[in-house]
Every structure is written in C-alpha cells, then in structure tokens.
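Reader: I'd love a close look at one part of this protein, with enough detail to set it in the rest of the chain. Could you walk me through it?

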Amino acid sequence: MKKRILEAKNLDEVKKESISIFNVSLDDLSFEVIKEKKGILGIGSSVTVEVTLNIDPFEETLKYLNAIMEQMDIDAKIEMITSNKEVKYNIFTNHNPILIGREGRTLDSLQHITRQVINRFSDERIICSVDIGGYKQKRITQLEILATKTAKEVARTKVPVKLDPMNSYERRIIHTKLAEWRDVYTESVGESPNRRLIIKPRRKR
C-alpha cells in the first residue's frame, strides 16, 4: 500500500495533487488530516494530510497480466499465490514457448514489468515472481545439476570453468548451490548481458 504526506492550502488542493501523483481516480484514495492551520480570512491557512492509495497491488498486477495475455491473443489461466510480502503468478497456457522466449528472455521481461506494477501500488518491498508452465522450477533443477557436475570437474582437474552468460537470477541459483562447497567457489565476471560465472578451484591452506 502506498502512502504520502501532502501539504496544501486546503483539502481540495490535496485531493487534486494526489490524483496527479498517484495517477488514479479519487475513489481509489483516502485522506486523513494530520494537521490543520487556520489563517486569517483564509490567508496563511494550510492542511497536512496523509493520503493512502487503496488499491491491492497483488490484484492489480494480476489484472495487468491478464490484460497482457488478452492483447497477445493468448488464452491463459493465471494462478496467484500470496504469502505475507511475497506473491507468485503461475501462468498456464498452450503457448509456453511464446511467453518464455529464447533462453527465458520474454519471461524475464514479464517478470520485470510485473515488479514495476507492484512497485507502483506499494511502498513495501515485495518479493514477486512469474513462472510459466513450471519453467523456472525446471530451470532451477537444470542449473543445480550443471553446477554440481561442473564443480566436481573443477575439483578434480583444478582447472577453472567459465559458464555461458546468465541473468542475475540464474547466477544466484548456482552461487547458492555451491556456496558450501569446500573445493570450489564461484565468481561473476563481465557486464550484462554477457555477465557469467566462473567456477574456480579453491586453494587449500
């Protein structure tokens, strides 16, 4: 939920400014007067108001995703799972390749857009994720297998191995998987979109 403290000459001016700031209708806002200063014949008067945006960021993001599916002419069912300050949107459709894209890039874009919508309607830090047909979970499994296999090779040969470029989410999965390994460690190198991981042998002390 988003909130702002605004000050103006009167409540009507606060309402006008709030509509402009939040870019929503007046019905989506509530106002609580915190401080009111009365001037002489209206001169020097002011009001301080706490303005609250009364829109559920989770539901609004769900509407946004449904609108995207409609614009793309894709028949999809979207499942929303919420837990405290975390939300996950699972998209089920017969058009997975289109929504996932090459190397998951379209899915990454959907993820980015979804976070932007969430942030527009909430000041809180919310963990938000989007998955399509279980792609992310399958990808996590693939990356963990790759991490384990490569780490064993590096530990045996003592030769560093450079992996293909990955986004920050995928690099973090491998970082986490190998964080407790004694024989190897991971290091990120390069700049996006070519940033990648190197799995290196750890020197014994």
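What follows is a request about one part of the chain and a connected reply.

Reader: Which strands make up the sheet ordered β7-β9-β8, and which helices pack on that sheet?

Author: Happy to take you through it. Please keep in mind that this is a predicted model. To place the sheet, start with the division of the protein into domain 1 (3-53), domain 2 (57-133) and domain 3 (137-201). Your sheet belongs to the last stretch of the chain, where an unreviewed UniProt entry carries the annotation "domain: R3H" over residues 137-203. Across residues 137-203, helix accounts for 48% of the chain and strand for 21%, while the C-alpha atoms at the two ends lie 33 Å apart.

Now to the sheet itself. It is open and has 3 strands, in the order β7-β9-β8, with antiparallel pairing. The edges are taken by β7 (161-162) and β8 (184-189); each has a single partner strand, so one side of each has no neighbour in the sheet. Strand β9 (residues 196-201) pairs with β8 through 6 bridges in the antiparallel sense. If you want one pair to find on screen, look for T186, whose bridge partner in β9 is I199.

Two helices pack on this sheet. Helix α5 (residues 135-157) touches β7, β8 and β9, and its direction makes about 40° with that of β9. Helix α6 (residues 168-178) touches β8 and β9, with its direction at about 160° to that of β8.

For comparison, here is the sheet at the start of the chain. That one is also open, with 3 strands paired antiparallel in the order β1-β3-β2. Its edge strands, β1 (3-8) and β2 (29-37), each pair on one side only. Neighbouring strands there are turned by 20° against each other on average, ignoring direction. Between β1 and strand β3 (residues 46-53) there are 6 bridges, and the two run antiparallel; R4 stands opposite V51 in β3.

The middle part of the chain rounds out the picture. The centres of domain 2 and domain 3, taken over C-alpha atoms, are separated by 27 Å. Helix α2 (residues 57-71) and helix α4 (residues 105-121) have axes that come within 9 Å and cross at roughly 140°. The crossing of α2 past α4 is right-handed. On the α2 side, the contact is made by P57, F58, E60, T61, Y64, L65 and I68, and on the α4 side by L110, I113, T114, V117, I118 and F121. Sorted by class, this contact has 10 nonpolar, 2 polar and 1 charged residues.

There is strand pairing here too: strand β4 (residues 76-83) and strand β5 (residues 86-93) run antiparallel and are joined by 8 bridges. In this pair A76 stands opposite T93 in β5. The hairpin of β4 and β5 has 2 residues between the strands, and N84 takes a positive phi near 55°.

Definitions and conventions:
Residues are numbered from 1 along each chain as its sequence is written. This is a predicted model: local features need pLDDT of at least 70, side-chain atom pairs count only at pLDDT 80 or more; totals for chains, interfaces and linings use all residues. Side-chain values use heavy atoms; hydrogens and water are left out. Axes are lines fitted to C-alpha atoms, for helices over the stretch in contact, and angles run from 0 to 180 degrees between N-to-C directions. Helices (H or I, at least four residues) and strands (E, at least two) are DSSP runs, numbered from the N terminus. A crossing is left-handed if the near helix is turned anticlockwise from the far one by less than a right angle, and right-handed if clockwise. Contact means heavy atoms within 4.5 Å. Ala, Val, Leu, Ile, Met, Phe, Trp, Tyr, Cys and Pro count as nonpolar, Asp, Glu, Lys and Arg as charged, and the others, Gly among them, as polar. Two strands pair if DSSP finds at least two bridges between them. Domain bounds come from an automatic or database domain assignment. UniProt positions are given in the numbering used here, feature names are shortened, and annotations may be inferred rather than shown by experiment.
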